[in-house]
There are 2 protein chains.
Amino acid sequence: MIKDATTVGSSTYEKIKHDIIFGIIAPGTKLKLGTLKNNYDASVSTLREMLNRLSSDGFVKAEEQRGFFVTDVSRKDLEEITNLRVLLECNALRYSIENGNTEWEAKVVAAHHKLHAMEKRVLEGNKDDIEMWKRYDGEFHLATIEACNNENLLKLHSTIYDKYLRYQMLVLTYRGQSAIDEHHEIFQAVLSRDADKAVQILTDHILNGQKDTIVKLPE
Amino acid sequence: MIKDATTVGSSTYEKIKHDIIFGIIAPGTKLKLGTLKNNYDASVSTLREMLNRLSSDGFVKAEEQRGFFVTDVSRKDLEEITNLRVLLECNALRYSIENGNTEWEAKVVAAHHKLHAMEKRVLEGNKDDIEMWKRYDGEFHLATIEACNNENLLKLHSTIYDKYLRYQMLVLTYRGQSAIDEHHEIFQAVLSRDADKAVQILTDHILNGQKDTIVKLPE
DNA sequence: AAAAATAAAATATCATATATTATTGTAAAT
DNA sequence: ATTTACAATAATATATGATATTTTATTTTT
C-alpha cells in the first residue's frame, strides 16, 4: 500500500483548486468554512490556510472579515488572462527553443505523442477522458517551454495556464481537428527550432481557443 | 480615534513581507512558529495562514512537515526576476501609453514629482529616507503602467517588483545621478507617448539596476 | 416603510493535542 | 579512538476544537 506522503493541508489544497478549475464549484460561490469542513474533511484552521494560499494564487477572493469566495469570471478577465498566457508562453517558448537540448526534444516528442493519442479518442466521442485530455494538453505546452531556463517564469505560467483552463472548462467547447492540427504544427516548428513560426502558431492557437470561449460567457 | 480596519492576519502579513523585502530577516532563515509568535504578536494559526500566503507569493518556501523558510537568493534567481520585470513592465508600459488618458498623465506627473524630490534628498546624503525613496520609485513605475488595462498583469508585476526590490535592498547600491536621469527620460518619453523610446530606456534602466546588484551577490 | 434592537450565523483568533522531525546519548563495530 | 546504528528525548510542525468578534438576518419598534 502506497503511503500518502502529503499533509492534510496540501491534499485539500489540491482538491479545492481542482474543484474550482473544473467548475465543480461555480464562480462567485461563497466558501463557507462550516460547509467546506464537511465536504473536504479538514478543520477550519487547515482550510483557512489553504484558502489563503488559493487567494494569493488568485483562485479565491478573500474579503476581510466577510469570508472567502470563488473568484468571479468575466470576459474582461478572460481577455487579460489570454494576453498574459500569450506573453508568458511565447517568451518562454523562444528561450526554450534557444536553450533546449536533445533530452528536452525527447520530452516534447513524448508529450505530443500522449496528447495526440488522447485527442483521437476524444474526437471519436470519448467524453469521459476530457480531464485527462486537458492534462495532456497542459503537459504538452509545458514540455515545449520547459527548457526556457527560468523557474520563476514557469511558475507564473503555470498559474495563468490554470486560470485559462478554468474558462475552457466552464464553457466546454470542442474545436476538434483544428486544435489538433495546431498542436501538430507547434510540435513541428519546435523540433525544427523555428522560433518565429512556433510563436506565431502558438499565439493563434491560444487566441482561437479564447474566441470559442468568450462568446459563451456572460457580460 | 481611527479604527484599525485591518485584521491581525493581514497586518502581520504586511509586516513579515516588509521584513523579508527589506532584509530584516535574511534569506534562508528558518521561520519558526514559536519565535514568530513572540516577534509578531499573533497566534500560530494566524501566522500559518499568512506564511501560506507568502509561500504562494514566493517570498517564503514551505517545506512539508519541516516548516517555513525565507526564500533564498541567487544570481540565477535575480536574472530570472529581472527578465520577468522587463517582460511584464515593458508590455504594460506599451498598453498604458496606448490607453492612458489625461487623468493618467496627471498621476504620472505627480508620481515623478514626488520621486524626484526624494531623489535629490537621497543624493545629498539623507540615508534615512531610503525606504521612502524606494516606495516612491515603485509608485512612479506603477503610475506609468497603471493605464495598461490589465489587472492580472499589474498583480503579477507587483509581486515581481517586490522580489526585485528585495535584491536591491540586500546589496544596497546608489547609482545616483544616472538612475535619476533615466527616470526623467522615461517620464518624458511616457508623456510624449513615445512607446518605443520609453520601453528602450526602461529596459536599460532595469538592466543597469541589475548590473550593480548582481556583482555583490554570492554564487 | 424605515430605523433600531435583537438573534443567528460566520469569521478570526487562540490554546491545546497529536504527529513528525531533529537532537542527543549510548552501545556495538571498525 | 572513531565511526556507525540505534534508542530515547527534546523541539517543532501540523491539525483540531473551543472562544471571542464581527457580520448578516430577523424581529420589533417608531
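**Around DNA strand D and between two domains**

The surface near DNA strand D (near: a heavy atom within 4 Å) is made of five nonpolar, nine polar and six charged residues, where Ala, Val, Leu, Ile, Met, Phe, Trp, Tyr, Cys and Pro count as nonpolar, Asp, Glu, Lys and Arg as charged, and the others, Gly among them, as polar. This is a predicted model, in which local features need pLDDT of at least 70 and side-chain atom pairs pLDDT 80 or more, while totals for chains, interfaces and linings use all residues. Residues are numbered from 1 along each chain, chains are lettered from A and ligands numbered from 1 in the order written, and side-chain values use heavy atoms, without hydrogens and water.

Let's stay with the DNA for a moment. Of the 20 residues around strand D, Val8(A), Ser43(A), Ser45(A), Arg66(A) and Arg48(B) come nearest. Sugar and phosphate make up 82% of the strand's atoms within 4 Å of the protein. For instance, a backbone N or O atom of Val8(A) sits 2.5 Å from a phosphate oxygen of DNA strand D, and a polar side-chain atom of Lys32(B) lies 3.0 Å from a phosphate oxygen of that strand.

Now turn to chain A, which an automatic or database assignment divides into domain 1 (8–70) and domain 2 (75–214). Together these domains bury about 890 Å², 68% of it on carbon and sulfur atoms; buried area is the accessible area (1.4 Å probe) lost on putting two parts together, summed over both. Ile21(A), Phe22(A) and Phe59(A) supply 56% of the area that domain 1 buries here. Lys17(A) forms a salt bridge (side-chain nitrogen of Lys or Arg within 4 Å of a carboxyl oxygen of Asp or Glu) with Asp162(A), their closest N and O atoms being 3.6 Å apart.

Terms used: Polar contact = N/O pair within 3.5 Å; in protein donor to acceptor, adjacent residues only side chain to side chain.
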